[in-house]
Every structure is written in C-alpha cells, then in structure tokens.
Amino acid sequence: MATFLFDKIIFGPVKSRRLGVSLGINLLPTNRKVCNFNCIYCECGWTSEKINIRNEPLPSRKEVYDALDKKLSEMKAAAQPPDVITYAGNGEPTLHPEFPGIIDDSIELRDKYFPDAKIAVLSNSTSIARPEIRKALLKVDKNILKLDSAFDLTVKIHNQPRVNVKVRDLIKNLSGLKGSVIIQTLFLRGTYNGRVIDNTTPEELSAWLMALEQIRPSEVMIYTIHRDTPEGSDLHKVPPEDLKRIAAMVNNLGIKTRVSC
C-alpha cells in the first residue's frame with residue numbers, strides 16, 4: 001500500500017485523532033524516513049537499510065526556529081491557534097543531534113505566540129536513557145512515548161528495532177520518569193512473514209498492564225492502524241469495541257486512558 005512522507009519542516013496544522021489541532025514539526029529528511037525502528041505498521045514506510053544520522057540532510061536548529069517562528073506568526077495574524085505543537089515527522093525526532101536546543105526554542109516561540117498551546121513529542125522511547133534527551137522530554141507538556149508490548153519478541157516483530165532494545169530496560173527507564181509520560185500503544189492483528197501477530201491476546205495484555213502499573217504514566221493512548229502501512233493488507237485494525245475493552249482494563253488501574261479508533 002501507499003505510504004507518505006512529510007515534505008516540509010513544518011506541516012499542518014492538521015486535525016489529530018489524539019491531540020486536536022496539531023502543528024507538526026519534522027526534524028528529519030523530507031525525502032525518506034530516518035528511524036531506529038522499522039515498524040511494520042508505520043505510515044511513513046520502511047526504514048532504509050543504512051542510516052548514519054551524521055550524514056543525513058537534517059534541518060539545522062536555526063532553520064527549524066525560523067520555520068516555526070514564521071508559521072506561528074502567520075497563525076497568530078489569522079487568529080488560528082493550535083492546540084498542540086507536535087514533534088513527529090519522518091521517523092524518530094530525538095535522533096536529531098540538536099533536539100534538546102530545538103525543544104528550548106519551541107518553548108520560547110510557543111510562549112511568544114500561543115502560550116496556551118501544548119508542546120508534544122512522539123517518540124519510540126529508545127533515547128530516554130540519554131540524560132540530555134530525558135531532560136528535554138521532561139520540559140514538554142505531552143511526552144508521548146511508545147510501548148507496544150511488554151515482550152521482547154513482540155517488539156522485535158512489530159517494531160523491528162535497529163538498536164539493541166530490551167523491554168525490561170525500556171520499562172525501567174519509563175518508570176524513572178515518575179509519571180511525567182504518556183504511553184502510546186498501537187494494537188493490531190494480522191500476519192507478517194507468515195507469522196500470526198496479535199498484541200491483544202490475554203497473555204500480551206496481562207504483561208502490558210503489569211508494565212503500566214510499574215510505569216504509572218499520566219495517561220495511556222490506545223489506537224490502531226489508521227492509514228496505509230508498508231506491509232499492506234496483511235495487517236488489520238483492532239475493532240473499536242476491543243480497544244474500549246482494553247481501555248477499561250487500564251482505567252481499572254486508576255490511569256487515564258484515551259482511545260482513538
């Protein structure tokens with residue numbers, strides 16, 4: 001199936017299922033995905049085989065600042081406030097070497113133009129062990145970090161990490177954020193390379209709920225595939241009634257839960 005890439009530093013604003021009116025920021029190349037995950041459901045397509053972040057054509061901190069300044073100024077003049085300024089784009093935003101400084105810049109510009117807007121980062125959680133990334137993420141209003149499963153094998157299949165990822169270490173690092181984190185989990189079913197995949201089984205959900213109890217996030221965002229995926233028709237959405245059933249399990253832990261169908 002067809003997938004898509006963001007062709008600018010700033011995109012939108014768009015209506016987000018989870019965030020409302022979202023002004024997006026892409027810190028990665030506009031012509032290909034750059035990520036240390038290769039998720040089988042990613043709407044941006046497959047990750048290239050070889051990635052060296054130092055050699056990628058990334059926008060500079062100044063370019064991001066100038067683009068965001070210009071866009072927010074235009075939105076201010078048009079009386080079109082965003083609900084949230086979101087770092088997402090064509091891969092993993094925390095891979096940008098100037099990510100911490102860029103976050104500081106975005107807070108400055110947000111406060112200048114739309115102080116009521118939130119700042120969000122959508123990340124796959126792999127960089128939070130780095131002190132400078134952790135510090136930057138703790139400055140934003142919506143620190144949204146991925147945890148699709150509490151099992152290494154499931155993460156290996158669903159997310160296909162290009163780095164050494166141990167789920168127990170991810171959970172420990174997420175727990176260290178002391179609740180200043182929103183967990184996002186994508187549920188899906190289907191087949192991949194002849195293997196049946198389903199992270200909604202009783203075994204999966206039991207382990208995932210135990211991880212959430214340990215992490216104690218401020219919120220959990222539950223969703224399923226919405227756009228085309230690189231894997232195509234072998235992956236399937238999880239029905240809304242099943243997502244709501246899973247959300248009820250999280251609510252029973254005393255954790256706020258949001259479902260995006």
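Visitor: Which elements do the buried residues of α7 pack against?
Guide: This model is predicted. In it, D242, L243, I246, A247 and V250 of α7 are buried. The buried residues of the helix pack against β6 (182–187), β7 (189–192), α6 (202–215), β9 (219–224) and β11 (257–260).

Visitor: Why do the buried residues of α7 line one face of the helix?
Guide: Start with a general rule. An α-helix has 3.6 residues a turn, so residues three or four places apart point the same way. In α7, the buried set is D242, L243, I246, A247 and V250. Viewed down the helix axis, these buried residues line one face because they fall within an arc of 140 degrees.

Visitor: Which residues are exposed on the other side of α7?
Guide: The buried side holds D242, L243, I246, A247 and V250. Exposed here means over 50% relative accessible area. On the other side of α7, that description fits E241 and K244.

Visitor: What is the strand order of the open sheet?
Guide: The sheet has eight strands, and their pairing is mixed. β1 (10–16) and β11 stand at its edges, each with a single partner strand, so each has one side without a neighbour in the sheet. Neighbouring strands are turned by 25 degrees against each other on average, direction ignored. The order is β1-β2-β3-β4-β5-β6-β9-β11.

Visitor: How many residues of β6 are buried?
Guide: Take one side of the strand: I182, Q184 and L186 are buried. Now the other side: I183, T185 and F187 are buried too. Both faces of β6 are covered. The strand is largely enclosed by the rest of the structure, because the buried count is six of six.

Visitor: How many bridges does β6 form with β9?
Guide: β6 has β5 (residues 142–146) as a parallel partner, joined by three bridges. There, K146 has Q184 as its bridge partner. Towards β9, L186 stands opposite Y223. β6 and β9 also pair in the parallel sense, and their bridges number six.

Visitor: What angle does the direction of α6 make with that of β6?
Guide: α6 packs on the sheet. The helix touches both β6 and β9. Its direction and that of β6 make an angle of about 170 degrees.

Visitor: At what angle do the axes of α5 and α6 cross?
Guide: The axes of α5 (residues 167–175) and α6 come within 8 Å. I171, L174 and S175 of α5 meet A211, Q214 and I215 of α6. These contact residues divide into four nonpolar, two polar and no charged. The axes cross at roughly 30 degrees.

Visitor: Which residue of β4 is the bridge partner of I85?
Guide: β3 (residues 84–87) and β4 (residues 118–123) pair over four bridges. The pairing is parallel. α2 (residues 99–113) lies across both strands, running at about 155 degrees to β4. The partner of I85 in β4 is I119.

Visitor: How far apart are the end C-alpha atoms of α2?
Guide: α2 has 15 residues. At 1.5 Å a residue, the helix should span 21 Å. The distance in the model agrees: 21 Å.

Visitor: What covers the buried residues of α2?
Guide: Many names are on the buried list of α2, including F99, I102, I103, L109 and Y113. The helix lies across β3 and β4. What covers its buried residues includes α1 (61–77), β3, β4 and α3 (131–137).

Methods:
Residues are numbered from 1 along each chain as its sequence is written. This is a predicted model: local features need pLDDT of at least 70, side-chain atom pairs count only at pLDDT 80 or more; totals for chains, interfaces and linings use all residues. Side-chain values use heavy atoms; hydrogens and water are left out. Buried means under 20% relative accessible area, exposed over 50%, partly exposed in between (1.4 Å probe, protein chains only). Helices (H or I, at least four residues) and strands (E, at least two) are DSSP runs, numbered from the N terminus. The arc is that of the directions from the helix axis to the C-beta atoms. Contact means heavy atoms within 4.5 Å. Axes are lines fitted to C-alpha atoms, for helices over the stretch in contact, and angles run from 0 to 180 degrees between N-to-C directions. Ala, Val, Leu, Ile, Met, Phe, Trp, Tyr, Cys and Pro count as nonpolar, Asp, Glu, Lys and Arg as charged, and the others, Gly among them, as polar. Two strands pair if DSSP finds at least two bridges between them. The expected span of a helix is 1.5 Å times one less than its number of residues.
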